[in-house]
Amino acid sequence: MNGISLVLSAATASSNILDTLSGLVGPIVGCLVMFLVIFSLSLIIWTFRDIRSRTQDFISQILATVLVTLFNVGGLFIYLILRPRQTLAEIYERQLEEESLLAEMTERQTCTNCHARVESDFQVCPSCGQKLKRSCPKCERLLELRWTYCPYCASNVGGAPMPGNMPGVSMQGIPPNVSIPGNPGMPVSGNRY
Ligand SMILES: [Zn+2]
Ligand SMILES: [Zn+2]
């Protein structure tokens with residue numbers, strides 16, 4: 001009698017465990033499926049964002065996204081192998097760098113006489129003594145030789161000798177009593193920049 005009841009109780013216990021297990025299987029499978037769906041969706045979204053930062057070609061964007069949608073992690077792997085190496089921002093930055101370097105190189109001045117390198121604040125060429133700039137008699141800032149007016153203090157410096165290498169260009173285009181806009185003491189009217 002005792003043995004039978006033991007077996008019975010054991011059977012009911014195991015069926016209870018089975019019941020609870022089968023009750024757990026549903027939610028676990030549900031969670032797994034949900035995770036997989038969210039995971040593959042986020043893979044697709046990540047790929048779409050990534051390819052958009054790397055190319056503006058619409059067909060490539062669609063192809064990469066479809067690839068990951070179809071093959072999931074495998075598609076992502078292929079995409080990571082094939083995607084453009086640089087993002088558009090990186091390419092843009094590099095272009096800017098190259099442009100500024102180029103500008104720096106073309107900005108370097110040379111002596112008109114001996115073609116030695118000179119800095120923009122040199123008054124004479126250190127190699128041959130060629131006059132490059134002169135200083136304003138009033139504010140003492142450096143002026144180009146061809147300038148008639150000092151742009152810093154607005155004084156007329158046209159009396160200084162002109163360089164001989166620009167004979168055709170007239171420097172007398174501005175009447176001597178011209179009013180300089182932005183001069184202190186003058187009321188500003190009309191166009192403001
Ligand atoms: Zn020189
Ligand atoms: Zn000046």
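**A bent helix and a small core in a predicted model**

The secondary structure of this protein comes to three helices and four strands, and if we walk from the N terminus, the elements run α-α-α-β-β-β-β. Please keep in mind throughout that this is a predicted model, with an average pLDDT of 81 and 77% of the residues scoring at least 70. Over residues 162–193 the pLDDT is below 50, although in the model this stretch still has 13 contacts beyond near neighbours in sequence. Where pLDDT is low, the predicted coordinates should not be read in detail. Among the elements, the mean pLDDT is lowest for strand β1, residues 109–110, at 82, and highest for α2, at 94.

That brings me to α2, on which I would like to spend most of my time. How far does α2 span between its end C-alpha atoms? The answer is only 16 Å, whereas a straight helix of 25 residues would span 36 Å at 1.5 Å a residue. Alongside that figure, I would point you to N72, where α2 bends by about 140°.

For contrast, take helix α3, residues 88–107, which has 20 residues and reaches 28 Å from its first C-alpha to its last, close to the 28 Å expected at 1.5 Å a residue. This helix is also hardly covered, in that the count of buried residues among its 20 residues is zero.

In α2, on the other hand, A64, T65, L67, V68, G75 and Y79 are buried, and this in a protein where 6% of the 193 residues count as buried. Which residues, then, make up the largest nonpolar core? There are five in all, namely I51, A64, L67, V68 and Y79, and helix α2, residues 58–82, gives the most to this core, with four residues. Looking at A64 in particular, and leaving aside residues up to four places away in sequence, we find that A64 touches T47, I51 and Y79.

On the wider contact pattern, residues 24 or more positions apart account for 19% of the contacts in the protein with a separation of 6 or more.

Finally, a word on annotation: an unreviewed UniProt entry carries the annotation "transmembrane region" over residues 25–46 and 58–82. In the model, residues 25–46 are 100% helix and 0% strand, with end C-alpha atoms 31 Å apart. The span 58–82 is likewise 100% helix and 0% strand, but its end C-alpha atoms lie 16 Å apart, and this is the stretch that forms α2, with its bend at N72.

Note on methods: Residues are numbered from 1 along each chain as its sequence is written. Chains are lettered from A and ligands numbered from 1 in the order in which they are written. This is a predicted model: local features need pLDDT of at least 70, side-chain atom pairs count only at pLDDT 80 or more; totals for chains, interfaces and linings use all residues. A nonpolar core is a set of buried Ala, Val, Leu, Ile, Met, Phe, Trp, Tyr and Cys residues joined through C-beta atoms within 7 Å. A residue is buried if 20 or more other C-beta atoms lie within 10 Å of its own, exposed if 12 or fewer, and partly exposed in between; C-beta atoms are placed from the backbone. Helices (H or I, at least four residues) and strands (E, at least two) are DSSP runs, numbered from the N terminus. Two residues are in contact if their C-beta atoms, placed from the backbone, lie within 7 Å. pLDDT is the predictor's confidence in each residue, from 0 to 100. UniProt positions are given in the numbering used here, feature names are shortened, and annotations may be inferred rather than shown by experiment. The expected span of a helix is 1.5 Å times one less than its number of residues. The bend at a residue is the angle between axes fitted to the seven residues ending there and the seven starting there.
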